[in-house]
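Colleague: I have just opened this one and have not looked at it before. Could you walk me through it?

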Amino acid sequence: MGITEAGGLRSGTVKSSIGLGMLLMDGIGDTIRVSLAADPVEEIKVGFDMLKSLKLRAKGINFIACPSCSRQNFDVISTMNQLEERLEDVMTPLDVSVIGCVVNGPGEAKETDIGLTGGSPANLVYIRWQTGE
């Protein structure tokens, strides 16, 4: 299933995610086609990100990041851009949080495999330790 002529990269991604996501959440469909007026590689990335967000596919890194605000202790936007670019070939399923402040960071980081948060006087890194139990 797909949405024909969804639009450009940003607007088409939003339209496809809403339209296809609602159907997939109801268990409808076993094949998706994302159609964007963009590089076909972006269509594939959007499709996989959509499936990851719905927890229907575990391939690659699922990033959780905060919006920009005055509490950030580091440049979250730049950090996210670099991480997405450098780690796009990683296929191991991981949840990674990038939260710029000490207010929301520790709670978010506890729910992910790897978490980077703002802290004082330095930034903090959380790594989920699994004992195999």
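Modeller: Before we look at the sheet, one convention helps: two strands pair if DSSP finds at least two bridges between them. Please also keep in mind that this is a predicted model.

Colleague: Fine, so how many bridges join strand 3 to strand 4?

Modeller: Five bridges join strand 3, residues 61-65, to strand 4, residues 94-99, and the two strands run parallel. Within that pairing, A65 has V98 of strand 4 as its bridge partner. To get from strand 3 to strand 4 the chain passes through helix 3, residues 76-86, and this β-α-β crossover is left-handed.

Colleague: And on to strand 5, how is that joined to strand 4?

Modeller: Strand 4 and strand 5, residues 114-117, also run parallel, and they are joined by four bridges. V98 stands opposite L116 of strand 5, while the bridge partner of I99 in strand 5 is T117. Here the β-α-β unit, made of strand 4, helix 4 (residues 105-110) and strand 5, is right-handed.

Colleague: What order do the strands take in the sheet?

Modeller: The order is 3-4-5-6, so to speak from one edge to the other, in an open sheet of four strands whose pairing is mixed. Strand 3 and strand 6 (124-127) are the edge strands, each pairing on one side only. From one strand to the next, the twist averages 15°.

Colleague: Stepping back, what does the whole chain contain?

Modeller: The chain has four helices and six strands, and along the sequence they follow the pattern β-α-β-α-β-α-β-α-β-β. The C-alpha atoms fill a box of roughly 50 × 40 × 25 Å along the principal axes, and of the 133 residues in the chain, 28% are buried.

Colleague: Changing topic, how many salt bridges are there?

Modeller: A search of the whole structure finds six salt bridges. One of them is between the side chains of E43 and R33, at 2.8 Å from N to O. This pair links distant parts of the chain, with E43 in helix 2 (residues 40-53) and R33 in strand 2, ten residues apart.

Colleague: Are those two buried or exposed?

Modeller: E43 counts as buried, at 11% relative accessibility, whereas R33 counts as partly exposed, at 46%. The cut-off that matters for E43 is that buried means under 20% relative accessible area.

Colleague: Which residues does K45 pair with?

Modeller: K45 forms a salt bridge with E42, where the closest N and O atoms are 3.8 Å apart, and the side chains of K45 and E88 meet in another, at 3.1 Å from N to O. Because K45 lies in helix 2 and E88 lies in the loop between helix 3 and strand 4, that second pair ties together parts that are 43 residues apart in sequence. Salt bridges that share partners join E42, K45 and E88 into one network.

Colleague: How far apart are K45 and E42 along helix 2?

Modeller: They are three residues apart in helix 2, so about one helical turn separates K45 from E42. K45 is partly exposed, with a relative accessible area of 33%, and E42 is partly exposed as well, at 25%.

Colleague: Last thing, which residues form the nonpolar patch on the surface?

Modeller: The patch is formed by M1, L23 and I28, which together have about 220 Å² of accessible area. I28 sits in the loop between helix 1 (9-25) and strand 2 (33-34), and I28 is partly exposed, with a relative accessible area of 43%.

Notes
Residues are numbered from 1 along each chain as its sequence is written. This is a predicted model: local features need pLDDT of at least 70, side-chain atom pairs count only at pLDDT 80 or more; totals for chains, interfaces and linings use all residues. Side-chain values use heavy atoms; hydrogens and water are left out. A crossover is right-handed if, with the strands pointing away from the viewer, the path from the first strand over the helix to the second runs clockwise. Axes are lines fitted to C-alpha atoms, for helices over the stretch in contact, and angles run from 0 to 180 degrees between N-to-C directions. Patches are made of residues with over 30% relative accessible area and no salt bridge: like charges are joined within 9 Å, nonpolar side chains (Val, Leu, Ile, Met, Phe, Trp, Tyr) within 5 Å. Accessible areas come from the Shrake-Rupley method with a 1.4 Å probe; for residues, only the protein chains shown count as cover. A salt bridge is a side-chain nitrogen of Lys or Arg within 4 Å of a carboxyl oxygen of Asp or Glu. Buried means under 20% relative accessible area, exposed over 50%, partly exposed in between (1.4 Å probe, protein chains only).
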